[in-house]
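Visitor: I would like to learn how to read a few features of a model, with the general idea given before the particular case.

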2 protein chains.
Amino acid sequence: MRKRGYPLSEQLMDALEERGYRDTAPRRTVARAIAEKERHFAAEELREQLPGIGRATVYRSLKILVEAGALCRVLLEDGNLHYQLSHRGHHHHLLCVECGASEDLMGCDIEDRLESVADAHNFQVSGHWLEVYGKCQTCRAELPASA
Amino acid sequence: MRKRGYPLSEQLMDALEERGYRDTAPRRTVARAIAEKERHFAAEELREQLPGIGRATVYRSLKILVEAGALCRVLLEDGNLHYQLSHRGHHHHLLCVECGASEDLMGCDIEDRLESVADAHNFQVSGHWLEVYGKCQTCRAELPASA
DNA sequence: TCATAAATGATACCTGGTATCTGAAGACGA
DNA sequence: TCGTCTTCAGATACCAGGTATCATTTATGA
Ligand SMILES: [Mn+2]
Ligand SMILES: [Mn+2]
Ligand SMILES: [Zn+2]
Ligand SMILES: [Zn+2]
C-alpha cells in the first residue's frame, strides 16, 4: 500500500478512482482519517472520529476500500472485526495479543500445504481465511518471564 | 462429540454440567433444538425456532456450549458466523461454498508449519484461526464442468 | 424443606451492518 | 456555461448478533 512521495490518503482515493468511484469530499475525509491510523481499528471507532460524516457513508467507504484492496479486514482473537491498511493481494496477519500490533505475512502457501489433506477428503480448496495470534518481538522483550 | 447410546442433547447437557452449569428446562430445550441440526446454523435461526425461550437465554446457551467445546463457531465465506456441533479440541473446517457442507479437519499442524516464518519475524505463535473454503465431494460430482 | 446461588426473561442498549429514499454534488456533452 | 444524467450523501429505518441490568423464578444440596 504505502508508497513514498505523496499522501497515503491520496493513494486510497486513487484506489477508489481506479475502480470508477468518484472523488467526493466525504470520501476524502474518511480516507484522511484512515490514513492516520497506525493500527487496525473498529468501524464504530472510525465513525466516532467523523461526526460530520453520515454513518452509511462511513460504512460504505470501508466496504469499497476493502473491495479495492486498500483496506483489509482483520479478525481479532476476541471475535471482533477490525480494519487495517495493508498490502494488496492475498496475505495473512501476525496479531500480537498483548499490544495489538499486526504484521503482514506475505507469501502464503497454505493451500499447497492443504492439498494432500484436502485430497483425502475429496475436497477442492478454493480459498481460506487464516489469522495468527501470538506475541510480537517487542512484547516478548518486555515480558521475558512468559516469552 | 457424538457418542452412541444416548441422545446428543443429553451429551450437550452433560458437557454443561461438567462445567458446573445447572440442568434447566430452557437449556434442555435449546440443547434439543441444536441436537437436531444437521448443519451449521445462525444464532438468530435457532432463536426463531424457540419462541418460548428468551433471547438472552439462547445466546447465553450458545456461548457456554462453545466454551464447553460442544459447539464451535464457523466463519462462513460471506463473513457470517454460524454454530456447529463438532469435535472437541482444536480443529478446522472444510466448508463447501456450494452446499454449505462442513467437514471437520482434525490433526492441525499449521503452527508447526508457521514456526520458521514466525521466527523470521521474531513472533511467538500462540494460536490461530483457519477456515478452508472450496467444493465438497458431492458438489464436485454434480458440477463436473467446473470441478 | 428451605436457604442460597444461579438462571431466566424482559428490557434496554450496543456494534456493525444493509435498504430505501430525497436532495446534493460530480461528470460530461452541447 | 449550462443542462442532464448519474452517483453519492445523509437521514431514517431496519436487521443480526450480541451484552448489561435487574426483578423473578428455579435448581441444588445442606
Ligand atoms: Mn492485511
Ligand atoms: Mn468444528
Ligand atoms: Zn505486541
Ligand atoms: Zn458441497
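Visitor: Which residue of chain B comes closest to the rotation axis?

Guide: This is a predicted model, in which local features need pLDDT of at least 70 and side-chain atom pairs count only at pLDDT 80 or more, while totals for chains, interfaces and linings use all residues. Residues are numbered from 1 along each chain as its sequence is written, chains are lettered from A and ligands numbered from 1 in the order in which they are written, and side-chain values use heavy atoms, with hydrogens and water left out. Two copies of a chain are related by a rotation about an axis and a shift along it. Here a turn of 179° with a shift of 0.0 Å along the axis lays chain B on chain A with an RMSD of 0.1 Å, which is the relation of a two-fold axis; the superposition is by least squares on the C-alpha atoms of residues with pLDDT of at least 70 in both. The residue of chain B that comes closest to the axis is B:L130, at 2.2 Å (C-alpha).

Visitor: What makes the arrangement around the zinc ion (ligand 4) tetrahedral?

Guide: Ideal angles for four tetrahedral donors are 109.5 degrees. Four donors (N, O and S atoms within 2.8 Å of the metal, or 3.2 Å for Na, K and Ca) count as tetrahedral if all angles lie between 85 and 135 degrees. The protein donors of this zinc ion are the SG atoms of B:C96, B:C99, B:C136 and B:C139, 2.2 to 2.4 Å from it, and the 4 donor atoms subtend angles of 103 to 115°, so the arrangement is tetrahedral.

Visitor: Is B:C96 buried or exposed?

Guide: Buried means under 20% relative accessible area, exposed over 50%, and partly exposed in between (1.4 Å probe, protein chains only). B:C96, at 5%, counts as buried, whereas B:C99, at 31%, is partly exposed.

Technical notes
Tetrahedral: all angles 85-135°; square planar, octahedral: opposite > 155°, others 65-115°.
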